[in-house]
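Visitor: I am new to this structure and should like to understand the terms used for it. Please explain each one as we proceed.

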Amino acid sequence: RILNIIFINLLISFYTFGQDAPTMNCIDVAENGNVTIWWTPPNNTVDFERYEIYFSPTGTDFYIVGVDDVVTSDHFDHIDEPMAHLGSRYYNIKSLYEDEGYEISDTLQTIFLQLSVSADFNEATLYWNPIASPFPEGSGNRYHIYTQDELNQWTLADSATSEPFKYSVFTCDEWVNFKIVLPNVNGCESNSNIAGAQFKDITLPDKPVFDSVSINYFNNIPRIVLGWEASLSQDVIGYILYRQQGIQFFEFDTVYDLNTTFYVDTLVPACDTVYTYAIASIDSCGNKSPGTFSNALQNIRLYDVVYDPCMLEATITFEPFIDYESDSISFELIGNSSAGYQQSLELPDVLYSGQFNNRSVEDIITVIDEDLRVGRVYDYYIRQKVYKNGTFYTTSSCVKSIYAYGYDKPTYSY
């Protein structure tokens, strides 16, 4: 009889202490703020009576929001009340048994995602609360970060073990949504609310190095050719070309491709007028770099070459391009004869700091080429090199030609 009593007490103890709480696995927030919680039923379900689902908007003062008497149930939908898209919400589950015993699960809280946007609108900083500590059973230790595209498709962008998390956004001008997901091996996942903001690319591309204005001949027609070094910004899609009119610069053309580094201006005559140019980069979002207005370049006008058959000399006059902010300027007058003879008449380098040796931009420089040989054609052009801020810039003029001829000496008869 004593053995029977002991056996009955052991049996009661087994059923009492063998009771389990359900294991909370996931807590999922819908876009409208409703919540679905997922759990694994307890291992020992003897004398199971019901589940009671408890909720708290603050983490204290839990109250019952649902009852389920089916032991194999594994989820509960909490609708209308939680508003979990506005803040984190807390849940746990109590499993009750016929002997009035009960077990309570761990508490999970919904993942509430917030974000801030950088001052230049191209980086998001994401903040969220942990779902629980430690992580729920079956979950990894990395939160997955998803972004939503313009087709409303969610794409895994990155993962992190904790917040805050910085994420660079590459878009021209677009609203981007984010959510945090914690996967679980038990066939569910914990989704945060959706948080989004407007992102855009307002970063100006690097301007190109504008380094030359030259005159090239195409089918014997002189054209002004602009040359530059490609922008260092890899999202550049082209270059905007400016020509000065009066005191202002106006866009007159655009060329495309990052690696396009020259332009032939067929819109203006090349030889009889001085034109001043600047360029800027444009990127794939339409952002324009600062123009090279502080380093505008112009062609050199070779005014005239006048031949004196009596003196067998040519007088060359030209208007140089003077950049008062440059470190040095050098001119070179190049002369070529039709017989292949080439001579170089170098003008002295004009070096200055702050002043240009009392010259003005309108100065005309005159050079005389002496001792020409009768019967030859002489071609002349001006080549100029400017050194400024560690970079050389070049410009040149059109070619002008003269034919060297002579007079027969008069004969005298007495």
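Guide: Let us begin with a term: a strand is a DSSP run of E with at least two residues, and strands are numbered from the N terminus. Gly196 lies in such a run, strand β16, which covers residues 195–200. Please note that the model is predicted.

Visitor: What makes Gly196 count as partly exposed?

Guide: Buried means under 20% relative accessible area and exposed means over 50%, with partly exposed in between. Gly196 has 24% relative accessibility, and therefore counts as partly exposed.

Visitor: Which residues does Gly196 touch, leaving aside those up to four places away in sequence?

Guide: Gly196 touches Leu115, Trp175, Val176 and Asn177. A contact here requires heavy atoms within 4.5 Å. As to Ser116, its C-alpha atom is 9.2 Å from that of Gly196, although the two residues are 80 apart along the chain.

Visitor: Where does Ser116 stand with respect to β10?

Guide: Ser116 stands opposite Thr125 in β10. Strand β10 comprises residues 123–128 and runs antiparallel to β9.

Visitor: How do you know that β9 and β10 are paired?

Guide: Two strands pair if DSSP finds at least two bridges between them. Five bridges join β9 to β10, so the condition for pairing is met.

Visitor: Why are β9 and β13 called edge strands?

Guide: The open sheet has three strands in the order β9-β10-β13, with antiparallel pairing. Strands β9 (113–117) and β13 (165–168) each pair on one side only, and they are the edge strands. Neighbouring strands of this sheet are turned by 30° against each other on average, direction ignored.

Visitor: What is a disulfide, and how many does a search of the whole structure find?

Guide: A disulfide is a covalent bond between the sulfur atoms of two cysteines. The search finds three of them.

Visitor: How do you know that Cys26 and Cys188 form a disulfide?

Guide: The cut-off is a pair of cysteine sulfur atoms within 2.5 Å. The sulfur atoms of Cys26 and Cys188 are 2.0 Å apart, and the pair is counted as a disulfide. The torsion about its S-S bond is about 75°, so this disulfide is right-handed. Cys26 lies in strand β1 (residues 23–29) and Cys188 in strand β15 (residues 188–191), so the bond ties together parts that are 162 residues apart in sequence.

Visitor: Why are Cys26 and Cys188 called buried?

Guide: Buried requires a value under 20%. Cys26 has 0% relative accessibility and counts as buried; Cys188, with a relative accessible area of 9%, is buried also.

Visitor: What makes the disulfide of Cys172 and Cys285 left-handed?

Guide: The torsion about the S-S bond of Cys172 and Cys285 is about -85°, so the disulfide is left-handed. Cys172 is in the loop between β13 and β14 (173–184), and Cys285 is in the loop between β22 (276–283) and β23 (297–298). The pair thus links distant parts of the chain, 113 residues apart. Cys172, at 34% relative accessibility, counts as partly exposed, and Cys285, at 25%, counts as partly exposed.

Visitor: How do you know that Cys271 is buried, and how far apart are the sulfur atoms of Cys271 and Cys398?

Guide: Since buried means under 20%, Cys271 counts as buried at 19% relative accessibility. Cys398 is buried, with a relative accessible area of 4%. The sulfur atoms of Cys271 and Cys398 are 2.0 Å apart, and the two residues form a disulfide.

Visitor: Why is Cys310 called exposed?

Guide: Exposed means over 50%. Cys310 has 61% relative accessibility, and so counts as exposed.

Visitor: What makes a group of residues a nonpolar core, and which residues have the most contacts inside the largest one?

Guide: A core of this kind is a set of buried residues of nine named types, from Ala to Cys, joined through side-chain atoms within 4.5 Å. The largest has 43 residues, and those with the most contacts inside it are Ile224, Leu226, Trp228, Tyr277 and Tyr380. Strand β30 (residues 377–388) gives the most to this core, with four residues. A second, separate core of 35 residues includes Val29, Ala84, Ile131 and Leu182.

Visitor: How many helices and strands are there in the chain?

Guide: The chain has one helix and 32 strands. Of its 414 residues, 44% count as buried.

Terms used: Residues numbered from 1 in each chain as written. Predicted model: local features only at pLDDT ≥ 70, side-chain atom pairs only at ≥ 80, totals over all residues. Heavy atoms only, no water. Axes fitted to C-alpha atoms, helices over the stretch in contact; angles between N-to-C directions. Buried < 20%, exposed > 50% of the residue type's maximum accessible area, 1.4 Å probe, protein only.
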